[in-house]
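Open the model in a viewer and keep the selection tool at hand. The stops below say what to select next and what is there.

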Amino acid sequence: MQKSIEIEVGGSKLKIDIHRWAKQSNGSAVLTYNDNVLLVTANMKEVEKESKDFFPLIVDFRESNYAAGKIPGGFFKREGRPSEREILLSRLIDRPIRPLFPENFLNDTQVIGMMVSADFSIDYDSMGIIGASAALLSSTIPFTTPLGAVKIGWKDGEFCINPGLEEIDEFDMVIQVAGTEKDIVMLEAGGNEFEEDVLKQGLKMAKDIISEICIAQKELINPDKLMIEEDTEFANIYNSLKTKYEKSLKEVIFSKIREEKKTKMSSILDKIMEDVEEEKVGKYNNAFHKLQYNIFRENLLKEKKRNDGRKFDEIRDISIELGVLPRVHGSAVFTRGETQALATVTLGSEDDAQRLDNLTNNGDLKRFMLHYNFPPFSVGEVSFLRGAGRREIGHGHLAETSLEKVLPTHETFPYTIRIVSDILESNGSSSMATVCGGSLALMNAGVPVKSPVAGIAMGLVKEGDEYVILTDIAGFEDHFGDMDFKIAGTEKGITAAQLDIKISGLSDEIIESTLKEAKKARLFILDKMKEAILSPSEKLSEYAPVIKTFKIPNDKVRDLIGPGGKTVKELISTFNSKINTDEQGNVTVAAPNTEVAEKLIKRIKELTASAEIGKIYKGKITRIEDYGLFVEILHGVTGLVHISQISNKRIQNIRDEHFKIGQMMDVKVIGFKENKVQLSKKVLEVGEKFNNK
């Protein structure tokens, strides 16, 4: 049955129509917000025969180019694989809805969001989360908790709700928040060293807006939800495993040697699976996982003890290596416990920047990139090396956001910067190790960053009203805990944060305590980083390109480019360098070393120089006429030495003076006539002394 609701968000009406389009979907919602129109569908498969040990949820978000009146670039002229932004938006929807499904619901489920009209004057990222909530609520899928979302910008003490695309870069803090009627379930934040108190104020505003959105969605809930029956067979399997293996599993979980832990855990699981029927493998895996989960959490809450013996606020041992790769422009290895990141910095020219071509960008240049790689050997596994997956893209984006605001402006440091983080070992918080390693590698490379940046991952284990907050979570704490709250920043404040939870929401008290502990941990790590390197290196690597910027007269740009680009292409080939210029005459050259850069700049200035009155030039005769000599004094600049200005003696016939085409001579600029350069040779014969400026 079709149904509509309207909610006011940030002064604009958000309309949600249920089952207006895509009526064969189990659930569907059309959201309209100003000129933004988004279709979200939700579907599930019937119960599968085979047993599963995971919840197969697929979330996809697509931005159609026609939504912004654009035709896709490239040869095929149609949308291809999802862009990085579409992947990030898919993850943005997935993360808050996933923990709200029933624990034993294992049907294949898919949520698809299609942006069919895009209005960039107001942010539409939150619409994907709200649309997924509305579509799921309207379906028979067992999803019953309404979700709301909003983006908040902050600058100079003022907050803005769902700011538009053109405004977004102006804010000192931007937070994307999703939550239920009472609690926050997901957070993304980025900004310019903002304080924890500002974040808390923004969250308070976001919660009030989200609560109204959730309340309005309650009337969309389909009463005919799929009933999830209790699985008595699973309960019996769990109780059987608990009786037989609880003691041995507890010893393994609280063993401090990771390799030993991994081997013994596999041995126990192999023993359990010896006589298990194939169709029950999934249930036994789930029961084994649940037993580990309960053992870990019960001991943590009751005995107040972490499985690796640390205190709740204790950070694992940190070690730092700098400049480990001699030919790389900057490098660092950051190790925290059993998590290790190799971060490298490569400096390039404007030609190395990434040209963006998607719904929200049209040819913009991205001059800072951070790419995160998670090879299988980092966790001792064997698998094919593929391209970056959603997890790699998400972690890389978070680390990139963390470091972006401390970078110098392009005007002061005209380089394209690429950081690559290769995770060499992983046991929790590899994205925050990437932030620390990336910051160290930037300083090692000599990039004049404003401040070093450190990151920490905070965890939570909560049962009822009892909870513990964990600093610097490791593998088990991430896997079996209820929260992964990553916070990165400088001494002054936060530059990025990301919150994911596995429970229904977080109270203000938990968030405030987490922020307090995270700040303490961040400052501790920054002190460790300062012990390794106090400030950016004074010199760039000898293998980094030398980039210089300067200005030429804007009417000389065509002389630098030449007919069909011939002149600039010859310069690029001759000097093995890169040259970029614009219509205003700003020129950037990227050369292999300083010597080549200076020679190239000198040549460009010669090619684009203008004649100056009073200046002496060594020129070449290009033409001889009865009335005088035409002499080329600069590239493309030819002047006339009138017969009367050739010599102090009277010349009757210029042909008798034996001048030749190509002959070199010194001449002086004495003026301009009708924009033509007037030259003199005779003024240099009277013994006058001139300064060649």
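## Stop 1: a hairpin

Select strand 26 and strand 27: the two form a hairpin with two residues between them, and Gly-636 in the turn has a positive phi of about 80°. The coordinates come from a predicted model. Strand 26 covers residues 628–634, and strand 27 covers residues 637–642. The two run antiparallel and are joined by six bridges. One place to look is Glu-632, which stands opposite Thr-638 in strand 27.

Keep strand 26 selected and colour it by accessibility. Six of its seven residues are buried, so strand 26 is largely enclosed by the rest of the structure.

## Stop 2: the other side of strand 26

Add strand 25, residues 616–625. Strand 25 and strand 26 also form a hairpin, with two residues between them. They run antiparallel, and five bridges join them. Two bridge pairs can be picked out here: Glu-625 with Gly-628 of strand 26, and Ile-621 with Val-631 of strand 26.

## Stop 3: the barrel

Now show the whole sheet to which these strands belong. It is a closed barrel of five strands, running 25-26-27-29-28, with mixed pairing. Direction ignored, neighbouring strands of this sheet are turned by 50° against each other on average.

Select strand 28, residues 664–673. Strand 28 is joined to strand 25 by five bridges, and the two run antiparallel. At Lys-620, the bridge partner in strand 28 is Met-664. Then add strand 29, residues 676–680, which pairs with strand 28 in the antiparallel sense over five bridges. Lys-673 has Lys-676 of strand 29 as its bridge partner. Strand 28 and strand 29 form a hairpin with two residues between the strands, and in it Glu-674 takes a positive phi near 55°.

## Stop 4: the open sheet

Move to the sheet that holds strand 1, residues 3–9. It is open, has six strands in the order 1-2-3-4-6-5, and its pairing is mixed. Which strands stand at its edges? They are strand 1 and strand 5 (57–63); each has a single partner strand, so one side of each is left without a neighbour in the sheet. From one strand to the next the twist averages 15°.

Zoom in on strand 1 and strand 2, residues 12–18, which pair in the antiparallel sense over seven bridges. Val-9 has Ser-12 of strand 2 as its bridge partner. Next select helix 2, residues 125–137, which packs on the sheet. Helix 2 touches strand 2, strand 3 (27–33), strand 4 (36–44), strand 5 and strand 6 (109–117). The direction of helix 2 makes about 145° with that of strand 3.

## Stop 5: the nonpolar cores

In soluble globular proteins, nonpolar side chains tend to be buried together. In this model the largest nonpolar core has 153 residues, and those with the most contacts inside it are Ile-16 and Ile-97.

Select Ile-16 and display its surroundings. Leaving aside neighbours within four places in sequence, Ile-16 is in contact with Lys-3, Ser-4, Ile-5, Ile-7, Ala-29, Val-30, Leu-31, Ile-130, Ala-134 and Leu-220. A second, separate core has 20 residues, including Tyr-617, Val-631, Phe-659 and Leu-679. Val-631 has already appeared as the bridge partner of Ile-621.

## Stop 6: a pair of helices

Two packed helices are described by the angle between their axes and the distance between the axes. Select helix 1 (residues 84–97) and helix 7 (residues 390–404): they pack at an angle of about 95°, with their axes 10 Å apart. Angles of 65 to 115 degrees count as roughly perpendicular, and helix 1 and helix 7 are therefore described that way.

To see the contact, show Glu-84, Ile-87, Leu-88, Ser-90 and Arg-91 of helix 1 with Arg-390, Arg-391, Ile-393, Gly-394, His-395 and His-397 of helix 7. The residues of this contact divide into three nonpolar, four polar and four charged.

## Stop 7: a loop residue

Finish at Ser-507, in the loop between strand 21 (494–501) and helix 10 (508–532). Its relative accessibility is 29%, so Ser-507 counts as partly exposed. Add Ile-184 and draw the C-alpha to C-alpha distance: Ser-507 and Ile-184 are 7.4 Å apart in space and 323 residues apart in sequence.

How values were computed
Residues numbered from 1 in each chain as written. Predicted model: local features only at pLDDT ≥ 70, side-chain atom pairs only at ≥ 80, totals over all residues. Heavy atoms only, no water. Pairing = 2+ DSSP bridges. Helix = DSSP H or I, 4+ residues; strand = E, 2+ residues; numbered from the N terminus. Axes fitted to C-alpha atoms, helices over the stretch in contact; angles between N-to-C directions. Contact = heavy atoms within 4.5 Å. Buried < 20%, exposed > 50% of the residue type's maximum accessible area, 1.4 Å probe, protein only. Core = buried A, V, L, I, M, F, W, Y, C linked by side-chain atoms within 4.5 Å. Parallel < 35°, antiparallel > 145°, perpendicular 65-115°, else oblique. Nonpolar A, V, L, I, M, F, W, Y, C, P; charged D, E, K, R; others polar.
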